[in-house]
Amino acid sequence: MQTVDDRFQYGPSEHAAYQDRGYYLFDHFLTPEAVADYQARVRDMLARRHESVPPEMMIGVHQIEPWIFDIAAQPKLLDMIEHQIGPDILLWASHMLCKPPHTGDAVPWHQDAPYWNISGRFSAGVWIAFDDVDEQNGAMSVLPGWHKKGTFPVQDSHSIKGFHSEIVPAQLPDDLDQRRVPYILNAGQMGIHDVMIPHNSPPNTSDRWRLVLVFRYIAADAQLGPNTYHNYKNGQPFEREFTLMRGRDVQNLGLRRSPFEKSTA
Ligand SMILES: O=C(O)CCC(=O)C(=O)O
């Protein structure tokens, strides 16, 4: 099965637009066969999900499901990441963010990088729609150009699974609704967003699921802190792994090239 659509491309003009606006939306990423196959696989994951792991927060899934790691390792996707952060590339997170019909949670306005206990040259967050996504089933929105404004102050946010803080609302523009750009995507399309761009998403008020997969990469010379995720199958904790997707292990950390490869250490 071919995963990436032949029409997907990331050249100098896409890169310049991404850098300028802080996001970019692609009309083509997954092939229709891949979308159908992945939808079935995610539904199977949801059926096997442990009750302690919310469907909106299945994290580190590329360390558990080889088929998800295979998507992250697609050469055309890594070519795009290389364009952004250079040839030595680590994959450090995947988020399967599935908002169920009617109950799928909102995500408050936030920036990504300040949350993460790692720092360095981040790629864009790669947000792949496995379903048609619109504002009714919880499309993410971004604030174009606002990735250049630095880190915004945050306040506690208690109501939402997995998010403990949000950008102080007074920091956002008065005409937020006119400025924000929602990711209205068909299944198989993809958006990328800068780790500093403010973004949010509303609850899923529709009768439909919103299945989305996100990958996060960083250049291999980064400062890499630990973190613990929970296995979606059994709720058990596991450590995040930094996987060398391309290039060199420049810090000689003994990184594996796949979470499914036997360690040589
Ligand atoms: O998918 C969403 O609703 C939010 C995703 C998000 O915050 C991210 O990918 O950084």
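How far from an oxygen atom of the ligand does a polar side-chain atom of His-193 lie? The distance is 3.1 Å. Bear in mind that this is a predicted model, with local features needing pLDDT of at least 70 and side-chain atom pairs counting only at pLDDT 80 or more, while totals for chains, interfaces and linings use all residues. Residues are numbered from 1 along each chain as its sequence is written, and side-chain values use heavy atoms, with hydrogens and water left out.

**Around the ligand**
- The ligand is surrounded by 13 residues (a heavy atom within 4 Å), and the closest are Asp-112, Trp-127, His-199, Ser-201 and Arg-210.
- A polar side-chain atom of His-110 lies 3.0 Å from a ligand oxygen, and an N or O atom in the side chain of His-199 is 3.0 Å from an oxygen atom of the ligand.
- On its own the ligand has 290 Å² of accessible area (Shrake-Rupley, 1.4 Å probe), and the protein covers 97% of that.
- Strand β13 (strands are DSSP E runs of at least two residues, numbered from the N terminus) gives the largest share of the shell, three residues.

**Nonpolar cores**
- In the largest core (buried Ala, Val, Leu, Ile, Met, Phe, Trp, Tyr and Cys joined through side-chain atoms within 4.5 Å; buried is under 20% relative accessible area, 1.4 Å probe, protein chains only) there are 67 residues.
- Met-96, Phe-130, Phe-215 and Tyr-217 touch the most other members.
- Strand β3 (residues 89-99) gives the most to this core, with seven residues.
- A second, separate core of 13 residues includes Leu-97 and Ile-197.

Technical notes
Buried < 20%, exposed > 50% of the residue type's maximum accessible area, 1.4 Å probe, protein only. Helix = DSSP H or I, 4+ residues; strand = E, 2+ residues; numbered from the N terminus. Polar contact = N/O pair within 3.5 Å; in protein donor to acceptor, adjacent residues only side chain to side chain.
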